Amino acid sequence: MVRDDGRDGISRRDFVVAGMTAAAVAGLPLVAKADPPKDEDEGDEEEGKGETKKREVLPTRVLGKTGEKVTILNIGATGEVTRRLMNAADKAGIRMLDTADCYVKGKHESGLGEWLNKSGRRKEFFVVSKDHPNTPDEWVEQLDKRLKNFQNDYLDLFFIHGLGEPKIGYKMTEEEVLNVAKSKEWAAAAEKMKKSGKTRFVGIALHGEIPVRCQILKNAAEGGWVDAIMLMYDPQTVREHDDFNKALDIAHKAGVGLIAMKTMRTVKTVEEDVPKFKEMGLSPHQAVLQAVWTDERFASICSAINNLKILKENASAARNFKPLKKDKMAAVLEMYDRPGRRFCAACDGRCHRAAGTDAALNDIVRYLSYYELDGCREKARDLFASLPEHRRDWRGADLAAASKACVSKLDFETLLTRAQAKLA
Ligand code: SF4
């Protein structure tokens with residue numbers, strides 16, 4: 001593990017910039033040896049059946065103190081489960097699956113359970129689900145609901161969903177939310193669920209701005225009961241926020257398994273070839289995935305895969321992963337610095353402070369991205385409407401100052417004009 005104490009002569013920041021891993025320094029393999037490149041096809045109805053067939057598995061890493069080896073690629077939900085996509089994911093070697101109570105109103109979780117039951121190979125997959133408890137007792141009760149919907153008798157990992165995200169509407173105070181990860185009551189609930197055998201591990205799907213993410217990561221290290229945390233992460237955010245980088249280190253050193261999500265969100269609109277990546281035979285999105293895997297603190301990336309093309313692209317990046325060297329990492333970071341981005345990386349909200357406004361510039365821009373990039377128009381409008389009036393009113397705000405301060409280099413003038421037209 002790379003340390004920040006200087007004993008190995010390379011700090012985490014150096015690592016991120018240089019694209020070097022401690023394992024590379026020590027000459028140790030971090031992941032299972034990747035097989036030679038091979039294209040995936042769609043899979044078929046029969047592909048999931050049977051216990052004895054030898055199947056190719058993508059490279060794995062250990063998920064913190066759970067000691068479990070999980071595939072470095074984890075398929076995240078984007079819509080209803082289709083057998084075609086799941087069979088293809090299976091064939092591509094993905095063995096970590098992500099779902100939740102609320103995806104497609106529970107249909108994703110039930111569809112995943114049906115697919116796994118039909119495959120007869122439940123034990124080969126590491127399945128994560130989530131729910132939104134307000135109290136430890138409620139969390140324990142929710143586990144039974146999740147299992148009923150999942151149609152199985154255990155989960156591998158059960159998360160508190162979206163902790164830290166104000167709009168999720170937790171009834172806890174802000175302080176209680178921050179303290180969940182070191183609370184004795186939540187620890188007792190976690191222990192009870194694990195002892196029941198209904199979930200093997202527990203943790204948090206962490207949302208919110210950088211200060212919230214930092215505090216919960218540190219509290220998880222202190223509290224000791226959190227087995228894993230899934231959180232929004234990209235290489236640029238780590239470069240910009242040393243506090244975030246340090247909090248990740250603290251959690252990682254305490255054995256909290258880390259899973260990255262929304263890794264490509266902030267460069268979702270980058271489609272053109274980037275010469276440096278082309279030389280490596282990578283698309284921009286594959287380069288971002290490999291940049292994240294270069295940070296060996298992360299065991300896996302939960303990637304929103306909704307079609308066979310994206311599945312093939314993601315699986316190929318995982319299968320052929322090699323830690324990015326300094327010049328390639330620099331090219332990835334340059335990509336984040338390009339103008340024209342449309343998604344807030346959820347830093348510390350410095351945009352509205354610089355603009356001198358109470359308006360939630362970051363949230364409004366994020367809702368616009370749900371509308372424009374994801375096609376979730378109703379959700380985007382509902383979220384916008386749910387903001388208090390003073391949080392929707394950016395009149396008088398210094399938008400040029402906000403753009404200058406923004407980590408994601410967002411053009412607020414343009415984006416907010418579009419938000420007004422589409423969301424209001
Ligand atoms: S809009 Fe930019 S400055 Fe504001 S929270 Fe998001 S990334 Fe940070």
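In this predicted model, 76% of the contacts in the protein with a separation of 6 or more are made by residues 24 or more positions apart. The secondary structure of the protein comprises 20 helices and 10 strands. Of its 424 residues, 50% are buried.

The largest nonpolar core contains 123 residues, among which Ile-204, Ala-220, Ile-229, Met-230 and Leu-361 touch the most other members. At least three residues of this core come from domain 1 (14-336), and at least three come from domain 2 (350-423). When residues up to four places away in sequence are not counted, Ile-204 touches Phe-159, Ile-160, Leu-163, Ala-181, Ile-216, Ala-220, Val-226 and Ile-229.

Two of the residues touched by Ile-204, namely Ile-216 and Ala-220, are among the buried residues of helix H8. This helix covers residues 210-223, and because each residue should add 1.5 Å, its 14 residues are expected to span 20 Å; the C-alpha atoms at its ends are indeed 20 Å apart. Helix H8 is largely enclosed by the rest of the structure, because 11 of its 14 residues are buried. The buried residues are Ile-210, Val-212, Arg-213, Cys-214, Ile-216, Leu-217, Lys-218, Asn-219, Ala-220, Ala-221 and Gly-223. Arg-213 and Lys-218 thus appear in this list together with residues such as Ile-210 and Val-212. The elements that cover the buried part of H8 include strand S6 (155-163), strand S7 (199-206) and strand S8 (228-232), as well as helix H6 (174-179), helix H7 (184-196) and helix H10 (242-253). After H8 comes Gly-224, which has a positive phi near 80 degrees.

Helix H7, one of the elements covering H8, contains Ser-196. Ser-196 has 12 other C-beta atoms within 10 Å and is therefore exposed, since a residue with 12 or fewer such neighbours is placed in that class. Its C-alpha atom lies 9.5 Å from that of Tyr-154, although Ser-196 and Tyr-154 are 42 residues apart along the chain.

A second helix with extensive cover is H3 (residues 83-92), in which seven of the 10 residues are buried. These are Leu-85, Met-86, Asn-87, Ala-88, Ala-89, Asp-90 and Ala-92. Strand S3 (73-76), helix H4 (107-119) and helix H13 (308-319) are included in what covers them. Gly-93 follows H3, and the phi of Gly-93 is positive, near 100 degrees.

Helix H13 in turn has buried residues that pack against S3, H3, helix H12 (284-294) and S10. Those residues are Leu-311, Asn-314, Ala-315, Ser-316, Ala-317, Ala-318 and Arg-319. The length of H13 also agrees with expectation, because at 1.5 Å a residue its 12 residues should span 16 Å, and its end C-alpha atoms are 16 Å apart.

Strand S10 (residues 298-304) includes Phe-298. Phe-298 has 22 C-beta neighbours inside 10 Å and therefore counts as buried. Phe-298 and Leu-258 are 40 residues apart along the chain, yet their C-alpha atoms are separated by 4.9 Å. With neighbours within four places in sequence left aside, the contacts of Phe-298 are Leu-258, Ile-259, Ala-260, Val-292 and Trp-293.

The backbone angles of two loop residues deserve mention. Most residues other than glycine have a negative phi. Gln-151, which is not a glycine, has a positive phi of about 60 degrees. Gln-151 belongs to the loop between helix H5 (136-150) and S6, and it is partly exposed, with 13 other C-beta atoms within 10 Å. Lys-262 is likewise not a glycine, and its phi is positive at about 55 degrees. The loop that holds Lys-262 runs between strand S9 (257-261) and helix H11 (275-279). Lys-262 has 21 C-beta neighbours inside 10 Å and so counts as buried.

The ligand is surrounded by 14 residues, of which Cys-344, Cys-347, Cys-351, Asn-362 and Cys-406 come nearest. Within this shell, 10 residues are nonpolar, three are polar and one is charged. Helix H15 (350-355) and helix H16 (361-372) each contribute at least two residues to the shell.

Notes:
Residues are numbered from 1 along each chain as its sequence is written. This is a predicted model: local features need pLDDT of at least 70, side-chain atom pairs count only at pLDDT 80 or more; totals for chains, interfaces and linings use all residues. Helices (H or I, at least four residues) and strands (E, at least two) are DSSP runs, numbered from the N terminus. The expected span of a helix is 1.5 Å times one less than its number of residues. A residue is buried if 20 or more other C-beta atoms lie within 10 Å of its own, exposed if 12 or fewer, and partly exposed in between; C-beta atoms are placed from the backbone. Two residues are in contact if their C-beta atoms, placed from the backbone, lie within 7 Å. A residue is near a molecule or strand if its C-beta atom, placed from the backbone, lies within 6 Å of it. Ala, Val, Leu, Ile, Met, Phe, Trp, Tyr, Cys and Pro count as nonpolar, Asp, Glu, Lys and Arg as charged, and the others, Gly among them, as polar. A nonpolar core is a set of buried Ala, Val, Leu, Ile, Met, Phe, Trp, Tyr and Cys residues joined through C-beta atoms within 7 Å. Domain bounds come from an automatic or database domain assignment.
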